[in-house]
Amino acid sequence: MTTHTSPHPTRRLILQGAVSVALIGLGNLPFAPARAAANDKYPEEAFKLKNEADAIKALYGRTAEPSDKIKLDAPEIAENGGVVPISVATTLDKVTSISFFVAENPNALAASYKFPDGTIPAVANRLKMAKTSSVTAIVEADGKLYSATKEVKVTVGGCGG
Amino acid sequence: MASSIRVRATSNGDITEVQTLIQHPMDTGLVKDAKGELIPAHYIQELKFACNGRDVFVANWGTAVSKDPYLKFSFKGAKKGDDLKISWTDNKGASDETTAKIA
C-alpha cells in the first residue's frame, strides 16, 4: 500500500494517515471473506482439514449462525454410508455459495458449491459418510454465513470394503 | 470413448433444471484393495457448468462425494436449445467435458 506511486502523493498520504486506524481495524474483516468467495481456486487446504470447525474457518474465515431459512434434506437412517442423498434449499437472498460438512468423516468438508447470479440456491448430491454423524450445510448469503445441521445414522460405513 | 458425463437439462420457462451423473471412481485414498494395498486417492476436484459464455454453477469436491457422483441444480437465464457446457478435472489432472442442448 505505502509503496504505491500515485499522481497525488501528498493527498494519498493524508488520507492514509486519517483512515489507517479504520483500515487496520476493520478493513481486513469484510475483505478477507469476499476474497475467499471470489477466489476461483480449488480450496485444497480446507478439504484436508479433519475438524469441521477448522474446515469452515479455512473456507470462509468465520463462523456461521443457525438459520431456519435453510432446508437440509437428509435421511434419518442411511443403510449405505457410501451413498447418502443429501440436498439443501434456502429462501435466503443473494446466496453465493453452499458447502457440506460431515463432522465424523476423516475430512469434514465434503463439497462446496458456488452460485453465480441467477442460479437457484438449491443443490442435491450424494455423499459418503464413514459413520453416524451430523451433516451441516453452510450457506453464504449476502456476505454472511448461515448453517443447518441434521443427524444421520449410518448402519454401514462408506469408507471400508 | 463414450463421455463420462451424462446430463439432462430441461427448460421450464425461465428456469433450467440440470441433472448430472458422472462416471468416476472417487477413491478416497483410505480403502484397501483385495491385496491389502491402499488404493490411491482419485477424485474429481472441480466441476463447472457454463451456459452462454458464463459459469452458472461451480462444484468443488473432496473425497467424500460418492462414487459416480450425482448432482442436481437449477438456474435462470437460459432457454430451450441453448448449449450447456460441463467440464471436470480430477486430482490426477485428468479431465472430461461435454456439451448438452437444453431441452
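**Figure 1. Pairing of β6(B) and β7(B) around Ile86(B) and Thr98(B) in the predicted model.** Ile86(B) of β6(B) has Thr98(B) opposite it in β7(B). The two strands run antiparallel and are joined by seven bridges, with β7(B) covering residues 95-101 of chain B. Four residues lie between the strands of this hairpin, where Gly93(B) adopts a positive phi near 90°.

**Figure 2. The two faces of strand β6(B).** In a regular strand, side chains alternate between the two faces of the sheet. Strand β6 of chain B spans residues 83-90 and shows this alternation. Leu84(B), Ile86(B), Trp88(B) and Asp90(B) point to one face and are buried. Asp83(B), Lys85(B), Ser87(B) and Thr89(B) point to the other face and are not buried.

**Figure 3. Pairing of β3(B) with β6(B).** β3(B) and β6(B) are antiparallel and share seven bridges. Lys48(B) has Ser87(B) of β6(B) as its bridge partner. Ser87(B) is among the residues of β6(B) that point to the face that is not buried.

**Figure 4. Surroundings of Ser11(B) in strand β1(B).** Ser11(B) belongs to strand β1 of chain B, residues 5-12. With a relative accessible area of 14%, below the 20% limit, Ser11(B) counts as buried. A polar atom of the Ser11(B) side chain lies 3.3 Å from the backbone oxygen of Gly13(B). Leaving aside residues up to four places away in sequence, Ser11(B) touches Thr16(B), Lys80(B), Ile102(B) and Ala103(B).

**Figure 5. The interface of chain B with chain A.** The contact involves 31 residues of chain B and 31 residues of chain A. About 2400 Å² is buried between the two chains, 53% of it on carbon and sulfur atoms. On the side of chain B, the residues that lose the most area to chain A are Asn60(B), Ala64(B) and Ser66(B), which together make up 25% of what that side buries. The number of salt bridges between the chains is zero, whereas 18 residue pairs are in polar contact, both residues being at pLDDT 80 or more. Elements giving two or more residues to the side of chain B that touches chain A are β2 (15-22), β3 (44-51), β4 (54-61) and β5 (70-76) of chain B. β4(B) gives the most, with eight residues. By class, that side has 17 nonpolar, seven polar and seven charged residues.

**Figure 6. Ser66(B) at the interface with chain A.** Ser66(B) sits in the loop between β4 and β5 of chain B. Ser66(B) is buried, at a relative accessible area of 0%. Its side chain reaches the backbone oxygen of Leu127(A) at 3.3 Å. Not counting residues up to four places away in sequence, Ser66(B) touches Gly82(A), Val83(A), Val84(A), Arg126(A), Leu127(A) and Lys128(A) of chain A, and Met26(B) of chain B.

**Figure 7. Strand pairing between the chains.** Strand β7 of chain A, residues 122-127, runs antiparallel to β5(B) and is joined to β5(B) by two bridges. Asn125(A) has Leu71(B) of β5(B) as its bridge partner.

**Figure 8. Chain A as the partner of chain B.** Chain A has three helices and nine strands, in the order α-α-α-β-β-β-β-β-β-β-β-β along the sequence. Of its 161 residues, 40% count as buried. Among contacts in chain A with a separation of 6 or more, 63% are between residues 24 or more positions apart.

Definitions and conventions:
Residues are numbered from 1 along each chain as its sequence is written. Chains are lettered from A and ligands numbered from 1 in the order in which they are written. This is a predicted model: local features need pLDDT of at least 70, side-chain atom pairs count only at pLDDT 80 or more; totals for chains, interfaces and linings use all residues. Side-chain values use heavy atoms; hydrogens and water are left out. Contact means heavy atoms within 4.5 Å. Buried area is the accessible area (1.4 Å probe) that two parts lose on being put together, summed over both. A salt bridge is a side-chain nitrogen of Lys or Arg within 4 Å of a carboxyl oxygen of Asp or Glu. A polar contact is a pair of N or O atoms within 3.5 Å; within protein, one must be able to donate a hydrogen and the other to accept it, and residues adjacent in sequence count only if both atoms are side-chain atoms. Ala, Val, Leu, Ile, Met, Phe, Trp, Tyr, Cys and Pro count as nonpolar, Asp, Glu, Lys and Arg as charged, and the others, Gly among them, as polar. Two strands pair if DSSP finds at least two bridges between them. Buried means under 20% relative accessible area, exposed over 50%, partly exposed in between (1.4 Å probe, protein chains only).
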